[in-house]
Number of protein chains: 2
Amino acid sequence: MSDLLQRLRDRGWRLTAQRRVVAEVLDGEHVHYTADEVHARAVERLPEISRATVYNTLGELVSLGEVIEVSTDGRAKRYDPNAHHTHQHLVCSRCGVIRDVRPSGDPLALLPEEERFGFTLSEATVTYRGICPSCASAG
Amino acid sequence: MSDLLQRLRDRGWRLTAQRRVVAEVLDGEHVHYTADEVHARAVERLPEISRATVYNTLGELVSLGEVIEVSTDGRAKRYDPNAHHTHQHLVCSRCGVIRDVRPSGDPLALLPEEERFGFTLSEATVTYRGICPSCASAG
DNA sequence: TCTTACATTGGACATTATCCAAGTCAAGAA
DNA sequence: TTCTTGACTTGGATAATGTCCAATGTAAGA
C-alpha cells in the first residue's frame, strides 16, 4: 500500500494522518468494507477520525481510480482496493461474503452489436451469485 | 398485466385497490422505476395510497418472482417487471437511462471451475455501462 | 517560521427504507 | 345479502446510509 501512498503523493495529495489510516485499512488482497466498517477500523488507529473524512477520502480514492465502489446488495456500498487488476465478484446469496474472481474472456464481448442500441460501451460488471461452501455445509 | 393479476389471485393474493394500482403502474415493456416513482404514479390514480404500501407491495412482487430489483447506481433500487424473460441491463453513465438487453450466451459460463471456489452458482447479473446516443450527441 | 490553501470535524440535514399499532376491508361463510 | 375475520393499509416514528457546511486545524512550500 506504500505504492498507493506514493502514487497519491505524486498526484499532489496532501498526506494527512487520516488519509494514511484509511489507506492502511484498505490494504489487503480481498477487502470489501463498507464506509462504516472502514471508519470503525480507522478509529482503532486514530480515535478522532470522523465519518465525514472517511467518506471524503473514499470518494477521492474512487475518483482517482485507486479503489472501486461495489454494490452487490442495494445496501451500503463497499470499497474494493483491488482496482489495478480487473475482476468481477462472486457473492454468497446467504451470508453475503464476496470473492474477487476473473472470468475467462471479456464479458463485454457477449453483447451483440444489435443489442447495444448505439451506446458507446465502456465496461461490463458481472455479479455471480450462489451459495458458498460454508453456507452449503451449514444446511 | 392482467396475466399478472391472475397469477397473483391464483396464489391467494388478496386483490386490493392499492395492489392493483401498483401492478398497473409497473405495466409496460421497459419500466425501471424507483419505489418513490412508483408511489408518485400510483398516487395519480389512488390519491390516498401510502408509501408503506408501495414498499410492501413491491417487496411481495419481488418475493413472488414477478418483479426484479435492480440497483445500478448504489442509490434507490429500481423495480423491473420484465421478470419472465431473463435479460441484463445497459446503463448510460451520464444520464442513467436503462435498457434491457440480451447477451448472446450465458454469462455464467464465463466463470471457470477453478474460479468458483466451491460455490454453487445460481445466476450472473451483468451491468453494461457506456454513453447513450443522446448523451453522446449532446457533447 | 510563516502563510495559506487544503483538509478535518461534528452536527445538521437528505434520501431511502423499514417497523408498528391502530384502523380498514376483501372475500368466504352463513 | 350480511357478517366475520384475518389480511391489508396507513401515517408517523425510526433506522441506515450518505452529504453538506461553517468553524477549526494543519501539511508543506516560501
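Biologist: Which residue has a side-chain N or O atom 3.0 Å from a phosphate oxygen of DNA strand C?

Modeller: Keep in mind that we're looking at a predicted model. A polar contact needs a pair of N or O atoms within 3.5 Å. Here a phosphate oxygen of DNA strand C pairs with a side-chain N or O atom at 3.0 Å. That side chain belongs to Y55(B).

Biologist: And which residue puts a polar backbone atom 3.0 Å from a phosphate oxygen of the strand?

Modeller: Backbone atoms join in too: L15(B) has a backbone N or O atom 3.1 Å from a phosphate oxygen of DNA strand C. For the 3.0 Å contact, look at chain A. The residue there is S50(A).

Biologist: What share of the DNA strand C atoms within 4 Å of the protein belongs to sugar or phosphate?

Modeller: Those atoms split between sugar or phosphate on one side and bases on the other. Bases get what's left once sugar or phosphate is counted, and that count is 79%.

Biologist: Which helix gives the most to the surface near DNA strand C?

Modeller: Chain A offers α2 (17-25) and α4 (51-63), and chain B offers α4 (51-63), each with at least two residues. The top giver supplies three residues. That's α4(B).

Biologist: How many charged residues does that surface have?

Modeller: In total, 17 residues surround the strand, with R14(A) and T16(A) among the closest. Sorted by class, six are nonpolar and four are polar. The charged ones number seven.

Biologist: Away from the DNA topic, over which ring does the charged end of R99(A) sit?

Modeller: R41(A) has its charged end over the ring of Y33(A), 4.1 Å from the centre. For R99(A), the distance to the ring centre is 3.7 Å, and the ring is that of F117(B).

Definitions and conventions
Residues are numbered from 1 along each chain as its sequence is written. Chains are lettered from A and ligands numbered from 1 in the order in which they are written. This is a predicted model: local features need pLDDT of at least 70, side-chain atom pairs count only at pLDDT 80 or more; totals for chains, interfaces and linings use all residues. Side-chain values use heavy atoms; hydrogens and water are left out. A residue is near a molecule or strand if one of its heavy atoms lies within 4 Å of it. A polar contact is a pair of N or O atoms within 3.5 Å; within protein, one must be able to donate a hydrogen and the other to accept it, and residues adjacent in sequence count only if both atoms are side-chain atoms. Helices (H or I, at least four residues) and strands (E, at least two) are DSSP runs, numbered from the N terminus. Ala, Val, Leu, Ile, Met, Phe, Trp, Tyr, Cys and Pro count as nonpolar, Asp, Glu, Lys and Arg as charged, and the others, Gly among them, as polar. A charge sits over a ring if NZ of Lys or CZ of Arg is within 6 Å of the ring centre and within 35 degrees of the ring normal.
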